[in-house]
Amino acid sequence: MLGQRQGIIVWLYSLKQAKMLRKFGNVHFVSKRLKYVVLYCDLEDVETIMEKIQNYSFVKKVEPSFKPFLKTEFENSKPDKAKEYDYRMGI
């Protein structure tokens, strides 16, 4: 249903305009203490959306999330023998 998405972290001076960012994508999280918004949008539109958001006066900084580009399959990860034994015993 959903295509490839990427997160954008938008640092704000004030949270009053956080609702305004909903037109660019799905607002996933708003931090009141650190004043940032995590926004998800299509992978193809990330660059243009980042440029549009950066032009607003209430935006301090815009950063892309690199999560779609990280490897989640790890190589040479060997399970601990003691834990493997405990799992078979049902402890």
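This section describes the fold, the helix packing, the aromatic cluster and selected surface features of a predicted model.

The protein chain contains two helices and four strands. From the N terminus on, these elements follow the order β-β-β-α-β-α. The chain has 91 residues, of which 25% count as buried. Its exposed area is about 7,600 Å². Carbon and sulfur atoms supply 53% of that area. Contacts between residues at least 6 apart in sequence were also examined. Of these, 63% join residues at least 24 apart.

Helix α1 spans residues 46-54. Its buried residues are Val46, Ile49, Met50 and Ile53. These four cover an arc of only 100° around the axis, and therefore lie on the same side of α1. The cover over the buried residues of α1 includes three strands, β1, β3 and β4. Strand β3 comprises residues 36-42, and β4 comprises residues 59-64. The face turned away from the buried side has another set of residues. Glu47, Glu51 and Lys52 are exposed there.

Glu51 illustrates this outward face of α1. Its relative accessibility is 52%, so Glu51 counts as exposed, the cut-off being over 50%. In sequence, Glu51 and Val62 are 11 residues apart. In space, their C-alpha atoms are 8.7 Å apart.

A search of the whole structure returns four aromatic pairs. One of them joins Trp11 and Tyr36, with ring centres 5.1 Å apart. The planes of these two rings meet at 45°, so the pair is tilted. Trp11 lies in strand β1 and Tyr36 in strand β3, so the pair ties together parts that are 25 residues apart in sequence. The two partners differ in burial class. Trp11 is partly exposed, with a relative accessible area of 24%. Tyr36 counts as buried because its relative accessibility is 18%, and the limit for burial is under 20%. Tyr36 also forms an aromatic pair with Phe29. Here the distance is 6.0 Å centre to centre, with 50° between the planes. This pair, too, is tilted. Phe29 has a relative accessible area of 40% and is partly exposed. Ring pairs thus link Trp11, Phe29 and Tyr36 into a cluster. Tyr36 takes part in both of the pairs described here, with Trp11 and with Phe29.

The loop between β1 and β2 was examined through Ala18. Strand β1 covers residues 5-12 and β2 covers residues 26-31, with Ala18 in the loop between them. Although a loop residue, Ala18 counts as buried, at 10% relative accessibility. Which residues does Ala18 touch, leaving aside those up to four places away in sequence? They are Leu12 and Val37. Val37 is 19 residues from Ala18 along the chain. The C-alpha atoms of Ala18 and Val37 are separated by 7.2 Å.

Charged contacts came next. A search of the whole structure finds one salt bridge. The side chains of Glu63 and Lys61 form a salt bridge, at 3.1 Å from N to O. Both partners are partly exposed. Glu63 has a relative accessibility of 29%, and Lys61 has one of 41%.

A nonpolar patch is present on the surface. Phe66, Phe69 and Leu70 make up this patch, which has an area of about 380 Å². Leu70 sits in the loop between β4 and α2, the latter spanning residues 81-89. Leu70 counts as exposed because its relative accessibility is 57%, and exposed means over 50%. The two loop residues examined therefore fall in opposite classes: Ala18 is buried, whereas Leu70 is exposed.

Definitions and conventions. Residues numbered from 1 in each chain as written. Predicted model: local features only at pLDDT ≥ 70, side-chain atom pairs only at ≥ 80, totals over all residues. Heavy atoms only, no water. Buried < 20%, exposed > 50% of the residue type's maximum accessible area, 1.4 Å probe, protein only. Contact = heavy atoms within 4.5 Å. Areas by Shrake-Rupley, 256 points an atom, 1.4 Å probe, with all protein chains shown as cover. Arc of directions from axis to C-beta. Patch = residues over 30% accessible without salt bridge, like charges linked within 9 Å, V, L, I, M, F, W, Y side chains within 5 Å. Salt bridge = Lys/Arg side-chain N within 4 Å of Asp/Glu carboxyl O. Phe/Tyr/Trp six-rings, centres within 6.5 Å; stacked < 30°, edge-to-face > 60°.
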